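User: I'm new to this one and would like a close look at a single part of it, the strand around one bridge partner. Could you walk me through what sits next to it and then how that fits with the rest?

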Amino acid sequence: MQTELHTGIDLALDLIRQPDRRALLDCAHRQLCEAFGVSRSWLFELDASGRDLVCPALTGETTLACDDFRHPMAHVIRSDAARVVRTADRVRYEHPVLDTMLDALAPGESLWLSPVRAEQGAVLGVLALAGDPGSWEGLTGQPLFQGFLRLLAGHWRQHLDRHDRLWQQRLLHRSLAHLKDSELDRRKNEQLAATLIGHSRAMADLRSQIVRAAGTQLSVLIQGETGCGKDLVARGLHDFSQRADGPYVVVNCAAIPDSLLESELFGHTKGAFSGADRAREGLLAQADGGTLFLDEIGDMPMALQSKLLRVLETQRFRPLGGQTEQRSDFRIVAATHQPLQSLIRENRFRRDLYYRLSQFPVKVTPLRERGEDLEALSRAFITAYREREGSGPLGISSQALRFLSGYRFPGNVRELRNVIEFACIQAADGADVQAEDLRLDMMAPVPGEDDDETGEGDADLLCPGLPPLHEIDDLREAARAFEAAIISARLRQYQGNRAQAAESLGLPKRTLAHKCQKFNVTLEAD
Ligand SMILES: Nc1ncnc2c1ncn2[C@@H]1O[C@H](COP(=O)(O)OP(=O)(O)OP(=O)(O)O)[C@@H](O)[C@H]1O
């Protein structure tokens with residue numbers, strides 16, 4: 001009895017001296033082997049969710065689900081009772097963690113599994129012992145063992161509570177950091193809204209995506225129709241990234257002849273080919289530390305696509321005629337208005353390159369699908385005009401805006417900017433741009449340019465710039481727009497020949513000239 005008391009006090013002192021949970025559990029393992037004669041022990045701890053058990057020694061980073069009855073620990077938790085598992089029981093269960101435990105048993109040994117409870121009744125986990133005690137009840141029924149278990153559970157609970165407080169503090173820190181990040185992102189979004197204008201949901205989403213993508217090193221593929229703002233998106237990705245102070249190198253793959261594109265990108269040594277009278281650094285090298293923007297990537301020749309893929313994977317390249325490889329650390333952003341998926345099907349674009357480029361895909365919505373942006377964009381272009389020219393209109397009338405909203409803008413924002421800039425020239429200084437200032441013939445789609453194959457836009461093709469019929473609230477204005485659209489289309493049909501256009505419309509030439517002046521329709525013969 002004396003010895004037992006002595007041993008008990010030693011064990012207790014040893015346990016309560018441990019500074020943290022890990023040390024406490026290690027100490028418990030030690031004592032179980034040394035004082036109670038078990039050959040091995042494991043402690044499975046219930047995680048904060050209460051749904052999983054973790055035993056770093058056995059599961060590493062992974063967890064054991066409490067409702068996965070392929071392992072006996074789940075049965076112990078559910079039944080809240082101890083159980084013995086022998087090697088022969090392996091067939092009843094089917095779990096790699098149990099297999100590992102059973103494999104560790106010496107011949108004749110078995111496992112004793114028991115829930116561990118704190119005094120308040122909360123289950124903390126499962127204790128697993130391996131050994132050959134003859135009878136597990138004999139060992140685990142001892143008062144010393146039970147006292148040890150109670151002390152272990154009590155201290156385990158205390159360390160968990162302390163850990164919980166730390167955990168809560170850490171969570172608080174994390175949420176504060178998150179709040180700070182969100183505030184930073186909000187400010188970046190605001191800054192971006194000054195160049196990438198538009199109040200629509202689509203534009204707000206686009207700006208958030210840019211800010212998010214800019215914070216990563218992922219390759220970004222920007223897809224969208226011509227003139228919808230892909231260049232601006234690429235610039236934003238660079239400006240808001242950590243590489244903002246590095247170079248921003250733009251390559252328009254469609255603008256450079258195939259034969260020159262490779263040497264433009266890779267550079268060349270002196271004498272690498274006829275005409276290479278001096279060495280030239282390529283754009284890949286120039287982009288080191290910054291962003292390489294490959295515009296119109298769909299136009300890149302197949303052979304060069306393979307070489308580009310290799311560069312992206314190794315960040316290494318060899319200039320034409322060069323013997324040694326160079327390294328360049330750039331972030332790639334690519335853009336295209338072409339449907340790359342179709343190009344892949346037609347074997348004109350490499351699938352592997354597509355996947356490599358589109359680690360972060362970004363789609364820019366065409367202007368016709370975000371009519372809410374027309375006003376902000378128009379006003380921004382008018383302001384820019386005024387600032388540049390020193391005079392011009394101050395705003396735009398609601399009729400003119402309605403006028404614009406009836407048009408499909410196949411050339412997207414670029415087309416809108418041209419229309420507004422021209423209207424600024426027509427409008428009176430200090431006044432608002434009026435519907436009649438919008439030169440309709442500039443807005444008529446060139447055949448083949450409008451990629452709408454649904455026929456939905458037919459009304460607009462007949463009369464560009466005219467608002468939908470149910471929205472017309474000024475008949476005189478609408479009639480003028482209609483007349484102007486017909487005259488404009490007819491003039492285009494006759495390449496600006498007013499005599500032919502007038503004749504085809506049953507008008508005297510002078511009347512047509514008068515209407516052209518009134519409606520600002522000015523398409524002349526070449
Ligand atoms: N959201 C926007 N806010 C302000 N300006 C815009 C916006 N979108 C586009 N623009 C302007 O429209 C014009 C065309 O934009 P941009 O060159 O970025 O289009 P793109 O999609 O790259 O065209 P392309 O396919 O022809 O290369 C530019 O003058 C650009 O500044």
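**Strand E14 and its surroundings**

Analyst: Let's begin with one pair: glutamine 223 has threonine 336 of E14 as its bridge partner. Keep in mind that this is a predicted model. Glutamine 223 belongs to strand E7, residues 220-223, which runs parallel to E14 and is joined to it by four bridges. E14 has another parallel partner, strand E11 (residues 291-295), again over four bridges. In that pairing, leucine 292 is matched with isoleucine 332 of E14.

So how enclosed is the strand? E14 covers residues 331-336, and six of its six residues are buried, so the strand is largely enclosed by the rest of the structure. Its side chains split two ways: Arg331, Val333 and Ala335 point to one side, while Ile332, Ala334 and Thr336 point to the other, and all of them are buried.

Leucine 292 is a good way to move outward from the strand. Skipping its neighbours within four places in sequence, leucine 292 is in contact with Val249, Leu283, Leu284, Ala287, Phe330 and Ile332. Leu292 also belongs to the largest nonpolar core, a set of 77 residues, and is listed with Ile210, Ile222 and Leu237 as touching the most other members. Domain 2 (196-365) and domain 3 (368-519) both give residues to this core, so it lies between them. There's another core apart from it, with 35 residues, including Leu32, Leu43, Phe44 and Val97. As a general point, nonpolar side chains tend to be buried together in soluble globular proteins.

Those two domains turn up again around the ligand, where each supplies at least three residues of the shell. Altogether 17 residues surround the ligand, and Ile197, Gly229, Lys230, Asp231 and Val413 are the closest. Sorted by class, that shell has six nonpolar, six polar and five charged residues. Two helices each bring at least two residues to the shell: H9 (230-239) and H17 (412-426).

Helix H17 has a backbone detail you might like. Asparagine 412 is found in this helix, and its phi is near 55°, a positive value in a residue other than glycine. Asparagine 412 counts as buried, because it has 22 C-beta neighbours inside 10 Å and the cut-off for buried is 20 or more. Compare glutamine 315, which isn't a glycine either but has a positive phi of about 60°. Glutamine 315 is found in the loop between helix H12 (302-314) and strand E12 (316-317). With 15 C-beta neighbours inside 10 Å, glutamine 315 counts as partly exposed.

Now for phenylalanine 519, which is in helix H22 (residues 509-519). Phenylalanine 519 is buried, with 21 other C-beta atoms within 10 Å. Not counting residues up to four places away in sequence, Phe519 touches Glu436, Arg480, Glu483, Ala484 and Ile487. Take alanine 484: 35 residues separate it from phenylalanine 519 in sequence, yet their C-alpha atoms are 6.0 Å apart.

Finally, here's a sheet to set beside the parallel pairings of E14. Six strands form an open sheet with antiparallel pairing, in the order E3-E2-E1-E6-E5-E4. Strand E3 (64-65) and strand E4 (83-85) are the edges, each pairing on one side only. Within the sheet, strand E5 (residues 110-117) and strand E6 (residues 123-131) are joined antiparallel by eight bridges. Proline 115 stands opposite valine 126 of E6.

Conventions. Residues are numbered from 1 along each chain as its sequence is written. This is a predicted model: local features need pLDDT of at least 70, side-chain atom pairs count only at pLDDT 80 or more; totals for chains, interfaces and linings use all residues. A residue is near a molecule or strand if its C-beta atom, placed from the backbone, lies within 6 Å of it. Ala, Val, Leu, Ile, Met, Phe, Trp, Tyr, Cys and Pro count as nonpolar, Asp, Glu, Lys and Arg as charged, and the others, Gly among them, as polar. Domain bounds come from an automatic or database domain assignment. A nonpolar core is a set of buried Ala, Val, Leu, Ile, Met, Phe, Trp, Tyr and Cys residues joined through C-beta atoms within 7 Å. A residue is buried if 20 or more other C-beta atoms lie within 10 Å of its own, exposed if 12 or fewer, and partly exposed in between; C-beta atoms are placed from the backbone. Two residues are in contact if their C-beta atoms, placed from the backbone, lie within 7 Å. Two strands pair if DSSP finds at least two bridges between them.
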